[in-house]
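Colleague: I should like to discuss this model with you, beginning with the cysteines. Please reason through each reply before giving the value or name.

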Amino acid sequence: MESSSAATTTTAAAMEVDATANPLRQPSVQFAHKPNFCPLKPHEISGGQIQFRKVSVPPHRYTPLKKAWLEIYTPIYEEMKIDIRMNLKARRVELKTRPDTPEVGNLQKCADFAHAFMLGFDVIDTVAMLRMDELYVESFEIKDVKTLKGEHLSRAIGRLSGKGGRTKFAIENSTRTRIVIDDTNIHILGSFANIKAARDSLCSLILGSPATKVYSKLRAVSARLEESYEF
């Protein structure tokens, strides 16, 4: 009797010690394994549907497009893996993705490339849009800067081009951009900072600044851009 009561007392004391040692002990929780999803292919992101882009061809760019078609077709089809065709009835360039298209953004890059050519840029300049992400085209009209009519408008267009296109070429070389002057529409191809520098120079010419004053500003702008490229 005494031995059994002693064993009972010892067991109760051991239970009290365990309870005081681990008062908050809880059963371990088994978490689910982290899922491992394979990356989606470009054509699967849109639910397996083919994506299209359509670029209209202006009447004055129809002949240049026929002459430069192979130069446009080759980088789009072989490098960007995008199907391209010319719709003769609707007079527009049609683009669509393929199952082996490496990136989703290639379709929009090709559409921007074709659109830039339709605005009047050369293929040699616009093909850089396929290989660089920071290039884009900005367009504005002369009337957005200043309302001009008649001879005043003609003189403003003459100041933008200069004698033999000298002023336009100087702005392009200083700011590392490409400029197309299509009547009263102006299109600039380049990076954000370079387009801003070229636009400021063009706006100064539209407002009436002489070319010599714009040239002096361009020297400072080109020096500043060279410093930024060095860094």
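Colleague: Is Cys 203 buried or exposed?

Modeller: The model is a predicted one. Buried means under 20% relative accessible area. Cys 203 has 19% relative accessibility, and therefore counts as buried.

Colleague: What is the relative accessible area of Cys 110, and how many disulfides does the structure hold?

Modeller: Cys 110 is also below the cut-off of 20%. Its relative accessible area is 0%. As for disulfides, the structure holds 0.

Colleague: Which residue in the loop between β6 and α11 is found there, and what contact does its side chain make?

Modeller: The loop between β6 and α11 (192-206) contains Ser 191. Ser 191 has a relative accessible area of 16%, so this residue is buried under the 20% cut-off. Its side chain makes a polar contact, at 3.2 Å, with the side chain of Asn 194.

Colleague: What is the strand order of the open sheet of 3 strands?

Modeller: The edge strands are β4 (136-141) and β5 (178-182), each of which pairs on one side only. The pairing in this open sheet is antiparallel. The order is β4-β6-β5.

Colleague: By what angle are neighbouring strands of this sheet turned against each other on average?

Modeller: Strands of a sheet pair through backbone hydrogen bonds, in either the parallel or the antiparallel sense. For neighbouring strands of this sheet, the average turn, with direction ignored, is 15°.

Colleague: Over how many bridges do β4 and β6 pair, and which residue in β6 stands opposite Glu 141?

Modeller: Strand β6 covers residues 185-190 and pairs with β4 in the antiparallel sense. The two strands pair over 6 bridges. Opposite Glu 141, in β6, stands Asn 185.

Colleague: Which residues of helix α10 are buried, and what phi does Arg 176 take?

Modeller: Helix α10 spans residues 166-175, and its buried residues are Thr 167, Lys 168, Ile 171, Glu 172, Ser 174 and Thr 175. An α-helix has 3.6 residues a turn, so residues three or four places apart point the same way. Just after α10, Arg 176 takes a positive phi of about 55°.

Colleague: What percentage of the residues in the protein chain is buried?

Modeller: The protein chain has 12 helices and 6 strands. Its accessible surface comes to about 15,400 Å², with 55% belonging to carbon and sulfur atoms. Of the 231 residues in the protein chain, the buried share is 33%.

How values were computed
Residues numbered from 1 in each chain as written. Predicted model: local features only at pLDDT ≥ 70, side-chain atom pairs only at ≥ 80, totals over all residues. Heavy atoms only, no water. Pairing = 2+ DSSP bridges. Helix = DSSP H or I, 4+ residues; strand = E, 2+ residues; numbered from the N terminus. Axes fitted to C-alpha atoms, helices over the stretch in contact; angles between N-to-C directions. Buried < 20%, exposed > 50% of the residue type's maximum accessible area, 1.4 Å probe, protein only. Areas by Shrake-Rupley, 256 points an atom, 1.4 Å probe, with all protein chains shown as cover. Disulfide = S-S within 2.5 Å. Polar contact = N/O pair within 3.5 Å; in protein donor to acceptor, adjacent residues only side chain to side chain.
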